[in-house]
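Let's take a stroll through a two-chain model and see how its pieces fit together. Keep the structure open while you read, and look up each residue as it comes along.

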Amino acid sequence: MSGRTFQVAVVGASLAGTLIAGTLIGEAQSVSTHKDYRFNVGARAGVSVNNPYGSISVKPSTGNVVLIDAVLSSDKVEVDNNLVGNRVEIQSHLLAGADAQSGRVDYEILVPADASITLHSSTGPLRAERLHGDVTLEGSAATVEIRDITSAHVHVKTLNGPVTLTNVQDGHVEIDSLSGDVTLNGVTGPLVQVISTSGSINYIGDFGDRGDYRLTSHSGDIEATVPDSTSADVSARSVRGEVHDEIPLQPKTHTWFVIKEGSAFWGTMGRAAVSSTVVLRSFSGKIHLRKRTSK
Amino acid sequence: MNCVELQASLAEIEHGRNSEQRNHLNTCEECSALVVELDSIISAATELRAAEEPSPRVWNSIEIALRQEGLIRPQRPSRSLLPTFGSRWAWARWMVPAAAVLLIAVGVYVRQHSFTREIVRDLRPKPPVSDMAVAGLNDDDLLQEVAQLSPAVQAQYRDNLRHVNDYIRDAKSVVADDPNDEEARRSLMEAYQEKAMLFELAMDRSLP
């Protein structure tokens with residue numbers, strides 16, 4: 001190797017080393033990191049998580065312990081945590097320059113099954129399952145999934161994020177979504193209320209017994225699919241939309257609103273003594289009450 | 001003379017209007033409209049003279065109801081319970097129960113006319129109530145709140161704002177059609193609730 005060739009090789013190696021080092025430093029700033037937290041709590045603990053960007057998933061733990069696994073997307077976000085009495089508070093703390101990517105934190109959380117949880121994320125998704133404490137989930141665009149919840153208050157608010165509840169029993173359920181579609185599958189309880197502005201509402205189930213079910217959308221369609229065994233007083237009205245009823249109802253003899261063919265119906269199905277009250281209401285959306293076909 | 005004084009004095013007018021009343025009516029559109037409305041009721045009521053006279057029991061019931069509402073005062077001992085028909089404005093005294101009967105008969109329709117509703121409930125005119133006055137929900141505030149968000153997110157909020165305003169408008173319309181419709185009133189509340197939630201989400205979203 002000549003002296004000239006050797007000089008070129010040295011300069012080239014130096015440049016390559018500089019580039020590699022720079023790349024490694026850059027990656028160090030954006031690499032994701034894990035943080036784990038553990039809190040011992042009492043019965044009926046409270047857990048709240050406020051996470052501007054990223055997912056939150058909550059499942060039951062064994063014992064009175066709250067376990068949190070947080071994945072931070074970068075060093076532009078940190079996790080503030082606090083135990084106040086019997087309440088765990090988690091906050092994703094965005095630092096200067098953080099955005100939806102660099103400020104993202106994804107949480108996997110285990111809580112006692114009787115804990116009350118409050119989750120907030122703009123982007124989501126938000127998930128909660130197999131709990132019997134109160135569940136409050138809020139997120140603008142967050143997809144919300146809740147399943148296997150019993151004897152709890154379930155409150156959900158979204159802007160346009162879709163909401164899906166599956167197997168929520170004996171619940172006090174209140175869902176508000178401006179334009180997200182709402183799907184309730186096997187959701188029963190003393191109160192089940194869905195309010196949407198332009199999103200659709202899809203209920204699949206038997207409306208339980210002696211509950212108050214109110215599904216309201218301004219312009220979204222409402223569809224309820226029920227089995228033969230359903231007992232319910234069902235009233236449906238759409239101001240400008242159509243109303244379809246595939247199930248023979250015993251019509252009410254005394255009604256307090258005008259039953260206009262094709263835009264309203266009101267009647268009883270099943271056993272009146274144990275029937276729930278079901279109100280389906282839309283202004284310009286369609287309402288469809290249909291029978292669930294046998295599997 | 002202010003509006004309240006003029007409206008209180010209307011039933012006492014026996015021979016046209018005095019100068020104070022005329023001055024006030026020249027400057028106050030609402031009171032002027034009130035007098036026009038009363039005139040129209042009076043002229044319509046003259047047609048009722050040929051109708052069958054209600055039984056004393058009906059008049060007593062109306063009188064009791066009006067006393068309970070505070071719309072008529074206890075009679076002075078020196079005055080007859082029944083006003084004379086000798087003057088133009090004395091008809092107005094008869095028109096109070098007559099108007100009550102009309103109100104009962106056309107209740108829903110009458111409730112859509114805020115002016116008449118004001119006569120029944122409160123003679124003082126009230127300004128229209130806006131969304132902002134009801135709940136502090138100003139659309140411009142919302143759009144300003146989300147102005148720093150991405151154009152796509154801003155578009156989402158604008159779209160949702162338009163939808164929820166449509167919702168409120170439609171719900172109001174249905175309530176106006178049938179104020180006794182409990183479900184319609186509830187829908188209106190829910191529409192406002194949706195708008196409040198939109199503001200709440202916008203506030204949350206704009207936080208660092």
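## Two chains, two styles

Chain A has one helix and 25 strands. Chain B goes another way, with 11 helices and zero strands. If you read chain B along its sequence, you just get α-α-α-α-α-α-α-α-α-α-α. Keep in mind that what you're looking at is a predicted model. Its overall scores are ipTM 0.74 and pTM 0.66.

How much of each chain is buried? In chain A, buried residues make up 44% of the 295 residues. In chain B, they make up 16% of 208 residues. You can also ask how far apart in sequence the contacting residues sit. Take the contacts with a separation of 6 or more: in chain A, 47% of them link residues 24 or more positions apart, and in chain B the figure is 62%.

## The big sheet in chain A

Now find the open sheet of 12 strands in chain A, which has mixed pairing. Its strand order is β1-β4-β7-β3-β9-β11-β13-β15-β17-β19-β25-β21. At the edges stand β1 (33-40) and β21 (243-245) of chain A, and each has a single partner strand, so one side of each is left without a neighbour in the sheet. From one strand to the next, the twist averages 10°.

A general point helps here: strands in a sheet pair through backbone hydrogen bonds, and they can do that parallel or antiparallel. For an example, zoom in on β9 (residues 126-131) and β11 (residues 144-150) of chain A, which run parallel and are joined by five bridges. One pair to look for is A:Leu126, whose bridge partner in β11(A) is A:Val144.

## More parallel partners

Next, move to strand β18 (residues 212-217) of chain A. Over six bridges it pairs in the parallel sense with strand β16 (residues 191-196) of chain A. In this pairing, A:Val194 stands opposite A:Leu215 in β18(A).

β18(A) is also joined by six bridges to strand β24 (residues 276-282) of chain A, and these two run parallel. Here you can spot A:Arg214, which has A:Val279 in β24(A) as its bridge partner.

## Backbone oddities in chain A

Which two residues are joined by a cis peptide bond? They are A:Gly124 and A:Pro125, with omega at about -5°. A:Pro125 sits in the loop between β8 (116-120) and β9 of chain A.

Two other residues have a positive phi without being glycine. A:Arg130 has a phi near 55° and is found in strand β9 of chain A. It has 13 other C-beta atoms within 10 Å, so A:Arg130 is partly exposed. A:Asp170 has a phi of about 55°, and you'll find this residue in the loop between β13 (163-169) and β14 (172-177) of chain A. With 14 other C-beta atoms within 10 Å, A:Asp170 is partly exposed too.

## Where the chains meet

The contact between the chains takes 20 residues from chain A and 19 residues from chain B. Sorted by class, chain A's side has eight nonpolar, nine polar and three charged residues.

The largest nonpolar core has 85 residues, and those with the most contacts inside it are A:Val66, A:Val135, A:Val154 and B:Leu198. Helix α11 (residues 182-206) of chain B gives the largest share of this core, eight residues. Try clicking on B:Leu198: beyond its neighbours within four places in sequence, its contacts are A:Leu178, B:Leu142, B:Asn160, B:Leu161 and B:Val164.

## A closer look at chain B

B:Val146 lies in the loop between α9 (139-145) and α10 of chain B. Is B:Val146 buried or exposed? It has 21 C-beta neighbours inside 10 Å, so B:Val146 counts as buried. B:Val146 and B:Tyr157 are 11 residues apart along the chain, and their C-alpha atoms are separated by 7.8 Å.

How confident is the predictor about chain B? The mean pLDDT of chain B is 68, and 50% of its residues reach 70 or more. Among this chain's elements, helix α10 (residues 151-177) has the highest mean pLDDT (87) and helix α6 (residues 107-111) the lowest (47). Over residues 76-92 of chain B, pLDDT stays under 50, and the model has 18 contacts beyond four places in sequence for this stretch. Residues 105-111 of chain B are also below 50, with six contacts beyond near neighbours in sequence.

Technical notes:
Residues are numbered from 1 along each chain as its sequence is written. Chains are lettered from A and ligands numbered from 1 in the order in which they are written. This is a predicted model: local features need pLDDT of at least 70, side-chain atom pairs count only at pLDDT 80 or more; totals for chains, interfaces and linings use all residues. A nonpolar core is a set of buried Ala, Val, Leu, Ile, Met, Phe, Trp, Tyr and Cys residues joined through C-beta atoms within 7 Å. A residue is buried if 20 or more other C-beta atoms lie within 10 Å of its own, exposed if 12 or fewer, and partly exposed in between; C-beta atoms are placed from the backbone. Helices (H or I, at least four residues) and strands (E, at least two) are DSSP runs, numbered from the N terminus. Two residues are in contact if their C-beta atoms, placed from the backbone, lie within 7 Å. Two strands pair if DSSP finds at least two bridges between them. Axes are lines fitted to C-alpha atoms, for helices over the stretch in contact, and angles run from 0 to 180 degrees between N-to-C directions. pLDDT is the predictor's confidence in each residue, from 0 to 100. Ala, Val, Leu, Ile, Met, Phe, Trp, Tyr, Cys and Pro count as nonpolar, Asp, Glu, Lys and Arg as charged, and the others, Gly among them, as polar.
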